[in-house]
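Trainee: Could you take me through this structure, and show me how each feature is to be read before we look at the case itself?

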Amino acid sequence: MSSVIDSMTAISEEPLGPTQSVMAKLDESGDTKTIWDRNNPIEVEAARASFKRFKDEGYTAYSVKGERGERGEVITSFDPTAERIIFAPRMKGG
Amino acid sequence: MTSDTQIITAAASNRCSNIWPAWSQAYYLGNCTTEGLANQVVWVNWQPGYSCAAESQAITVNQLGEQVWLDWDQRWEQFQAEQQRVIAAQVERQTTAAKVLRDEADKKAEALLLRHLTPEQRAKYTEARYFELRTKSGLYRLYKGWAGNVARIGPDGQESDRFCIHPERAVPEADNLLSQKFMLEFEEDRFLKIANRSPGRRVA
């Protein structure tokens, strides 16, 4: 499964294909993107595994929609139809 | 002087790299600790006449012992200087590599942030390094920064509060801004619960 995830991980910017979705995990490298094809069950399952791993690491998942991500919500479980998911690291008061 | 002679013979018949094992062995066996042959005797005999210029050369007896130490000191200083030069070069390479990675990370994070700003927010951020965000409870201004960089703007246009909240991980500042933006937009209550609040900075 990890090789599938690795092959899906891309550092290039969008644009995405019409059936593709992306997860961007904010990290020390800026962000690490995982792209999956919503019609490809193997990629969907790999993305689901990534989602779980990021959540286990303490990330908050925001499913964002629209050109500028102007609409969105916190999600706690993987939505394979999500357009774009941004994983923000755990926050703390300064 | 029998032991003394043995030691010197052992040393003289070897190359430099073997002197110290020979000496250590002789010392360990007690050859130079017997009565009438203190360690100093060994050195007294060693210093006047034994030297070697390089590891590969056999020991010769044509230099003063003092020269041995001068040569040794010089080589040690050269070794230390070379070591320091190598370490400094390594540190510089690592620092440069880290800066390249940081710069790349900053660029990626900036691109992702800009991707999620409206044209107005993007213009303001590019011009003034902050953008504003309206939520269900009010207007916030997010300055480029890491801590204490979020302000709530009151009806008078002045800051009413400052909020300090940031990621636990050392992500780029633009990632910090994007995280703060999403929290304010999609879970403002949690933002206000976690953030430390202080009075806003008012301009007279």
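Mentor: We shall go through the confidence of the model and then the contact between its chains. This is a predicted model, in which local features need pLDDT of at least 70, side-chain atom pairs count only at pLDDT 80 or more, and totals for chains, interfaces and linings use all residues. Residues are numbered from 1 along each chain as its sequence is written, chains are lettered from A and ligands numbered from 1 in the order in which they are written, and side-chain values use heavy atoms, with hydrogens and water left out.

Trainee: What pLDDT does each chain average?

Mentor: pLDDT is the predictor's confidence in each residue, from 0 to 100. Chain A averages 85, with 85% of its residues scoring at least 70, while chain B averages 78, with 66% of its residues scoring at least 70. Where pLDDT is low, the predicted coordinates should not be read in detail. In chain B, pLDDT stays under 50 over residues 1-17 and again over residues 32-45. For the model, ipTM is 0.85 and pTM is 0.69.

Trainee: How many residues of each chain are in contact, and what area do the chains bury?

Mentor: Contact means heavy atoms within 4.5 Å, and here 33 residues of chain B are in contact with 32 residues of chain A. The size of an interface is often given as the accessible area lost when the parts come together. With buried area taken as the accessible area (1.4 Å probe) that two parts lose on being put together, summed over both, chains B and A bury about 2,800 Å² between them, 55% of it on carbon and sulfur atoms.

Trainee: Which residues form a salt bridge between the chains?

Mentor: A salt bridge is a side-chain nitrogen of Lys or Arg within 4 Å of a carboxyl oxygen of Asp or Glu. There are two salt bridges between chain B and chain A; one of them joins B:Arg169 to A:Glu28, with the closest N and O atoms 2.8 Å apart.

Trainee: Which helix of chain B gives the most to the side that touches chain A?

Mentor: Helices (H or I, at least four residues) are DSSP runs, numbered from the N terminus. H6(B) gives the most to that side, with nine residues.

Notes: Helices (H or I, at least four residues) and strands (E, at least two) are DSSP runs, numbered from the N terminus.
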